Amino acid sequence: MSLTLAIVGRPNVGKSTLFNRLVGKRLALVDDQPGVTRDLREGEGRLGDLRFTVIDTAGLEDATDDSLQGRMRRLTERAVDMADVCLFMIDARVGLTPTDEMFAEILRKRSKHVILAANKAEGNAADAGVLEAYNLGLGEPVRLSGEHGEGMTDLYAQLMPLADAADEQAVDDAPQTDIELDEDGEGETPLITDAKPLQVAVVGRPNAGKSTLINKIIGDDRLLTGPEAGITRDAISLRVDWADPDGESTPMRIFDTAGMRKKAKVQEKLEKLSVSDGLRAVKFAEVVVVLLDAAIPFEQQDLRIADLAEREGRAVVVAVNKWDIEEDKQEKLRDLKESFERLLPQLRGAPLITVSAKTGRGLERLRAAILRAHDVWNRRVPTAALNRWLTAMLEQHPPPAPQGRRIKLRYMTQAKTRPPGFVVMCSHPDKMPESYKRYLVNGLREDFDMPGSPIRLTLRGQGDKNPYKGRRKKNAGALAKHLKGRA
């Protein structure tokens, strides 16, 4: 998958629709209004037997200043420089515009290979626009419909020779390395690998600094940032090998999500789509970093977001951003820890890390906290140790006796990990109060070193009925009847 294809063009020509078709999933947000896409989004494209990296870009606009549109254009120009091939899209129903002609000139100078595509070309209404596309001087346009999947064979024919050339170049450039084997002659397979990187989602309210933080982690301005709240719309994922000071790196895929406001304030359809995209990223993540603004931490919405991550069963790390502008850091940190314990008891023991996305301070601690949270999330406790622990917990604090009948907890085992889930076999599980379940969960956290991770505890009924009770009486009756019949 050495070929990289960037889809570029004016706003609202259908770039994200084609991107979704090539990756085979609805990864990019699509809407009728122009300018929905703002960041660069990468995906694994498929076209027949071709495999390649495809980049969805923001619509090219005629702005070169530091406005939002100007910053979006610079980001798209970076994608053009990164890509092996640019697919330049025009809207065949609208026809050529002066903006199309201007950007065709830019692509001729900056891109190695340009494929011209006339999108929305289904039906006779697009014929004139397809003919006009020849005037750009970029060769014969590929007639496409990203929405209906027309023209994919022609696009395949254009990409095939370029993909072959890219594959040959990749083989020539690949370093020759030896694979180190252990004493048994087999390579070790770590939990986190290049094939299965650690999935991390960064969530929080608008303008908390999520995109700035991720840019600092990857060491590149890949995500659009600025003073405006709510710049990010899509949940963008970026691949990074995040190294510690000793040079040991961990493969990660980090998701940048749209800022989540209170539900009552979210009126626009596009913002609703953005928030739902962010929620989907939380569900797919293994570790969720809840990013707070140091100036206004633990707002109601922050608590909802952290609670959502816990309910979804994700490992949670709380990071407080903009720490560089705090004056009385010690007193502020004391207040933060007190608020955290009081307002989020369900995440008791979860790491609270102070960072500065602007200066990069605290990123090493954040990386260590993410790996630690992931380790706890995958923790497995032996059944024998669990049952010894359960006996000690019952002796220390026996379960209640509703209506004079003591609830008996007989046996405990771990049913799953990610997050840790435990099953207790007991009598009358429906009568067990929540307070006693919390007592057991808090004990598991403390005694088996599982701070902050969501823990699922299920009580399962096990009746007192003896399966052999009454069998002798039944058998004796059958025998007497048999003997009577013979007599």
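**Burial and strand pairing in a predicted model**

Student: What makes Cys426 a buried residue in this predicted model?

Tutor: Cys426 has a relative accessible area of 0%. Buried means under 20% relative accessible area, and Cys426 at 0% is therefore called buried.

Student: Why is Cys86 called buried?

Tutor: The reasoning is as for the preceding residue. The relative accessible area of Cys86 is 0%, and the cut-off is under 20%, so Cys86 is buried.

Student: How many disulfides does the structure hold?

Tutor: The structure holds 0 disulfides. The term would require a pair of cysteine sulfur atoms within 2.5 Å.

Student: What makes strand E4 mostly covered?

Tutor: Strand E4 spans residues 85–91, and 7 of its 7 residues are buried. On one side stand Val85, Leu87, Met89 and Asp91, and on the other Cys86, Phe88 and Ile90; both faces are covered. In a regular strand the side chains alternate between the two faces of the sheet.

Student: How do you know that E1 and E4 pair, and in which sense do they run?

Tutor: Two strands pair if DSSP finds at least two bridges between them. Strand E1 (residues 4–9) is joined to E4 by 5 bridges, so the criterion is met, and the two run parallel. Within this pairing, Leu5 stands opposite Val85 in E4.

Student: What supports the pairing of E4 with E5?

Tutor: E4 and strand E5 (residues 113–119) share 7 bridges, and they pair in the parallel sense. The requirement is at least two bridges, so E4 and E5 count as paired. Cys86 stands opposite Val114 in E5. From E4 the chain passes through helix H3 (residues 98–110) to E5, in a β-α-β crossover that is right-handed.

Student: Why is helix H1 described as largely enclosed by the rest of the structure?

Tutor: Helix H1 covers residues 15–23, and 7 of its 9 residues are buried, so the helix is largely enclosed. The buried residues are Lys15, Ser16, Leu18, Phe19, Asn20, Leu22 and Val23. Just after H1, Gly24 takes a positive phi of about 75°.

Student: What percentage of the residues in the protein is buried?

Tutor: Of the 487 residues, 49% are buried. The protein contains 13 helices and 15 strands. Its accessible surface comes to about 25700 Å², and carbon and sulfur atoms account for 48% of this area. Among contacts between residues at least 6 apart in sequence, 70% join residues at least 24 apart.

Conventions:
Residues are numbered from 1 along each chain as its sequence is written. This is a predicted model: local features need pLDDT of at least 70, side-chain atom pairs count only at pLDDT 80 or more; totals for chains, interfaces and linings use all residues. Side-chain values use heavy atoms; hydrogens and water are left out. Buried means under 20% relative accessible area, exposed over 50%, partly exposed in between (1.4 Å probe, protein chains only). Helices (H or I, at least four residues) and strands (E, at least two) are DSSP runs, numbered from the N terminus. A crossover is right-handed if, with the strands pointing away from the viewer, the path from the first strand over the helix to the second runs clockwise. Contact means heavy atoms within 4.5 Å. Accessible areas come from the Shrake-Rupley method with a 1.4 Å probe; for residues, only the protein chains shown count as cover.
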